Amino acid sequence: MRKLLGILLLFSVLLGCKKTGTATEETAGEELAFNYQKLPQKAVINEKATAIVETWDEFKALNTSMDVLYKATNNEDLSLAIDDLIEKEKAMEAGQYPELFDTFQVKSRQMVLRTYLYKTKAAILEKQPTTEPAVQMLDAYNAIRKQFNVIMNSQFDVKLILDEE
């Protein structure tokens, strides 16, 4: 009985070792290079929102760092750009928002951007493919820019709605 248990244990260990060896081979064979050509273009902000964003220093700094990200052609450049973006995003969170953009809609989209910034950074550090997380991060950034347009296009006077006189 003990011999049978020992043989069964030996086979299970050998089968377990074989599975981990194939997983590392698959990871090594994947393309890990950053493909900057797949990055989406920045969403356009309308004129009214641009006038407000021009006075918002923290967002302007984040926007400038995003422009640097578009110039990254490899993972090393991407890593430097992501580090800078993380710092700028933290400064934006700690800074003062313009009155119209100090809403949960903008702040929640910024939180999503932060999540994808860290996801991209983790992919770089773990030597995982970085193109997909970078595209997701830029989609989150574009969602913030589109939300600015939505806020500016849907302005209404709360006093008129709430005033029942």
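**Exercise 1.** In this predicted model, the charged end of which residue sits over the ring of Tyr97?

*Solution.* Look first at the ring of Tyr97 and then at the charged end of Lys107, which sits over that ring at 4.9 Å from its centre. The cut-off for such a contact places NZ of Lys within 6 Å of the ring centre, and the 4.9 Å found for Lys107 satisfies this distance condition.

**Exercise 2.** Classify the aromatic pair formed by Trp56 and Tyr97, and locate its two members in the chain.

*Solution.* The search of the whole structure yields seven aromatic pairs. One of them joins Trp56 and Tyr97, with 5.3 Å centre to centre and 55 degrees between the planes, and it is tilted. Trp56 belongs to the loop between helix H2 (47-53) and helix H3 (57-70), while Tyr97 belongs to the loop between helix H4 (75-94) and helix H5 (104-125), so the pair ties together parts that are 41 residues apart in sequence. Both Trp56 and Tyr97 are buried.

**Exercise 3.** Carry out the same analysis for Phe59 and Tyr141, and then name the cluster into which ring pairs link these residues.

*Solution.* With 6.1 Å centre to centre and 15 degrees between the planes, Phe59 and Tyr141 form a stacked pair. Phe59 lies in helix H3 and Tyr141 in helix H6 (residues 131-153), 82 residues apart, and the pair thereby links distant parts of the chain. Phe59 and Tyr141 are both buried. Ring pairs finally connect Trp56, Phe59, Tyr97, Phe101, Tyr141 and Phe148 into a cluster.

Conventions: Residues are numbered from 1 along each chain as its sequence is written. This is a predicted model: local features need pLDDT of at least 70, side-chain atom pairs count only at pLDDT 80 or more; totals for chains, interfaces and linings use all residues. Side-chain values use heavy atoms; hydrogens and water are left out. Rings of Phe, Tyr and Trp (its six-membered ring) pair if their centres lie within 6.5 Å; planes under 30 degrees apart count as stacked, over 60 as edge-to-face and the rest as tilted. Helices (H or I, at least four residues) and strands (E, at least two) are DSSP runs, numbered from the N terminus. Buried means under 20% relative accessible area, exposed over 50%, partly exposed in between (1.4 Å probe, protein chains only). A charge sits over a ring if NZ of Lys or CZ of Arg is within 6 Å of the ring centre and within 35 degrees of the ring normal.
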